[in-house]
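Student: Got a minute to walk through this one with me? I'd like to go over the ligand, the chain contacts and a few local details.

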Amino acid sequence: MTSSHLLQLEHVNHTFDAGRIVALRDVNLDFGEGESVAILGASGSGKTTLILVMCGIRTPTSGVLRWRGEPISTLRQWTDLRRTEIGIVFQDFNLFSTLTAAENVEVAMFGSGASTAERKRRVEEALDTVGLARRATHLPQELSGGERQRVAIARSIINNPKLILADEPTGNLDSKNAAAILDLMFDLQRARGSTLIMVSHAPDQARRCARHVNMKDGQVVDQTFAPARRMRRLREPSRTRLSQSQAPARAIHPHHPRRGVCRRQLHHALRLVAQCA
Amino acid sequence: MAFAVGSFITLYGLSRSVHENVERSFDEHGTDLTVKRRGIAEPFGGTIPQEIIPEIKKIPGVEDVAGQLLTFAATDNDDNVLAVGWSPDSFYWTGAPLKAGRIPKPDETKVALVGSEIARTMGKTVGDDITLLGEKFKIVGLTDYHSIINRNQVIVKLEDLQELTFRTGAVTFLSIKLENPGDQAEADRVSQAVEALDKLTVSPSEGMLRNDSLFGLLTAVSSAMAWVALFMGVLMVLNTLLMAVLERTREIGILSALGWSKERIMLALVIEGFILSAVGSVVGILLGVAGSKFLSSIPSIGRYVAVEPTIPLIAITAIAAVVLGVLGSFYPAWVATRASPAEALERA
Ligand SMILES: Nc1ncnc2c1ncn2[C@@H]1O[C@H](COP(=O)(O)OP(=O)(O)O)[C@@H](O)[C@H]1O
Ligand SMILES: [Mg+2]
């Protein structure tokens, strides 16, 4: 069912504390384009480490990673991949607190060579896709947890990456928001044909993924592929569509947060560096 | 940041101005040498007996000598003004620029020439009375000096002021006019001759304050205050930035996850620091200029000094602030980038 090799891990090991803690032990995995994968396992089984290794944020102690068959050996190759081909969604959103929703999304586009107008258009489009068009000028602290994660998702897809990595993307959300975020992520994955690799320890969430990778003590203990029949049903667009009205315009914070001169300097600095370097 | 820059400019400007204004006020009287009692630190504390004036006049090279008595004197509404006493025959009178009225006649007593600024702030004009040390003086003229100190002084007859301050026969300073003002050798010879007469020190009127310990102290105190203000400001900024290491670490993790290399992240954070301190400096300069205007507008300060931040002062402060801001943002960024991106994200 994998059409072509996107990301491969060969004999990947990762240890902490000079080998005392083994987080990944001889992991061999092969992910194809368009796959949806759930990584399952108890806390401490190495899921987060695996995600970070798969995007080069952590360099494995040993082993080889290949992108479209080519081994990735330098940090430079990884940063280029993260800028263009790999989007990451974290459990705790990781937004810039001083930047608005739109600016947070735009930051991922700095250095992509897109013009200001082009960036603006695509940011609007992405925020619209995640149902946040009306929240574009809000700061993260003015948004609910679910809305924040949707900003992070918009940011992760803004450069049309081939691979989306998500580490417990709903871990900080209530069940209603969690369901909406999952719907959004699977819809996007199907619409764009990208690969989604998601860490989750909720079995009902994992059921929506075509492939399960079960981990224990840093090892992949087994992998299961959902039957094609069941997957076909899941491929139908989900019913809980995200819409503008789903998030009523309510004040999360009664007072207005700090705005003004001392807020956007990070945005300016990032844009300047992206344009010059 | 803005406040540090602002208070530095104001306070440092104040200290410079104290110095400059006092010097300028001496220059305006057009004298060459100033004689003071040796060893008295208070500027108006020492007294010189008037009898010495004829003796100094005899020294070759001296054209004229005059003495003045200075004191801070209580006036109307519990205010204090600088009161100056000139003897009727002194050359000071001829050099006094008049805006209105006339110079007192030789035989008049309890009359005053009032500085233009005092006249304005106290609402006085020729013909009005002004109280000095509990006595009423009739204002016969308004002076038109440039220096802020002279514009805020009240000039009266020497005998009147001596009587009111129980300093009969005494003056605070002597001013000497030389026959050849440009001749340095002659000036030195006259100075030595005067100093040989009694316990006196002679200094060129221009640089007089350079050797004055009290004004030196005043300048030192106010410039020390200025440095303390700047130092505190810098400490506060550094503290904020160091506290921001944690936030920085998180931001670096995010940028790294978005595919930014460490070098670019560092550059961006330093540029951010530059933007922040540049904005802070501009706001600080505005605050400083406003603060100086405010200080000058307080009567008890504005009467003696016009606080004027100079362009070099503003420029140096702004450059220093920006350099410190960039260094200050470099350090936490550097600390933060030493953590690996993974650690940065996990600590978030
Ligand atoms: N930065 C680190 N330093 C030391 N040990 C770590 C670090 N990160 C993770 N570990 C250890 O590695 C193992 C795997 O952790 P992790 O990948 O976070 O698991 P999971 O995400 O499945 O909970 C655990 O034993 C954990 O304690
Ligand atoms: Mg984890």
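**Ligand and interface**

Tutor: Sure, and let's start with a count at the chain contact: across the interface of chain A and chain B the rule finds zero salt bridges. Keep in mind that this is a predicted model.

Student: How many residue pairs are in polar contact across the interface of chain A and chain B?

Tutor: Three residue pairs, with both partners at pLDDT 80 or more.

Student: Which elements of chain A give two or more residues to the side that touches chain B?

Tutor: Those are α1, α2 (75-84) and α9 (265-276) of chain A. The largest share comes from α9(A), with eight residues.

Student: And how do the residues on that side of chain A divide into nonpolar, polar and charged?

Tutor: On the side of chain A that touches chain B there are 18 nonpolar, seven polar and five charged residues.

Student: OK, what about area: how much is buried between chain A and chain B?

Tutor: About 2500 Å², and carbon and sulfur atoms give 65% of it. Three residues, N94(A), Q265(A) and V273(A), supply 21% of the area that chain A buries against chain B, more than any other three residues.

Student: How many residues are in contact on each chain?

Tutor: 30 residues of chain A are in contact with 27 residues of chain B.

Student: Switching topic. Where does ligand 1 lie?

Tutor: Ligand 1 lies between chains A and B. It is surrounded by 14 residues, and the closest are G44(A), G46(A), K47(A), T48(A) and T49(A).

Student: Which polar atoms of the protein does an oxygen atom of ligand 1 approach?

Tutor: I can give you three cases, two with backbone atoms and one with a side chain. A polar backbone atom of S45(A) is 3.2 Å from an oxygen atom of ligand 1, and for a polar backbone atom of G46(A) the distance is 3.1 Å. With T48(A), a polar side-chain atom lies 2.7 Å from an oxygen atom of the ligand.

Student: How much of ligand 1 does the protein bury?

Tutor: The protein buries 71% of the 550 Å² that ligand 1 exposes when taken alone.

Student: Which elements give two or more residues to the shell around ligand 1?

Tutor: From chain A they are β2 (21-32) and α1 (47-54), and from chain B α12 (341-347). The most comes from α1(A), which gives three residues.

Student: And how does the shell divide by residue type?

Tutor: Four residues of the shell around ligand 1 are nonpolar, six are polar and four are charged.

Student: Back to salt bridges. How many are there over all chains?

Tutor: By this rule the count comes to 20 over all chains. One of them joins the side chains of E124(A) and K120(A), at 3.0 Å from N to O.

Student: Where do E124(A) and K120(A) lie?

Tutor: Both are in helix α4 (residues 116-129) of chain A, four residues apart, which is about one turn of the helix.

Student: Last thing, backbone angles. What is the phi of H11(A)?

Tutor: It is positive, about 50 degrees, although H11(A) is not a glycine. H11(A) sits in strand β1 (residues 5-16) of chain A.

Student: And what about L133(B)?

Tutor: L133(B) also isn't a glycine, and its phi is positive at about 50 degrees. You'll find L133(B) in the loop between β7 (129-132) and β8 (135-143) of chain B.

Note on methods. Residues are numbered from 1 along each chain as its sequence is written. Chains are lettered from A and ligands numbered from 1 in the order in which they are written. This is a predicted model: local features need pLDDT of at least 70, side-chain atom pairs count only at pLDDT 80 or more; totals for chains, interfaces and linings use all residues. Side-chain values use heavy atoms; hydrogens and water are left out. A residue is near a molecule or strand if one of its heavy atoms lies within 4 Å of it. A polar contact is a pair of N or O atoms within 3.5 Å; within protein, one must be able to donate a hydrogen and the other to accept it, and residues adjacent in sequence count only if both atoms are side-chain atoms. Accessible areas come from the Shrake-Rupley method with a 1.4 Å probe; for residues, only the protein chains shown count as cover. Ala, Val, Leu, Ile, Met, Phe, Trp, Tyr, Cys and Pro count as nonpolar, Asp, Glu, Lys and Arg as charged, and the others, Gly among them, as polar. Contact means heavy atoms within 4.5 Å. Buried area is the accessible area (1.4 Å probe) that two parts lose on being put together, summed over both. A salt bridge is a side-chain nitrogen of Lys or Arg within 4 Å of a carboxyl oxygen of Asp or Glu.
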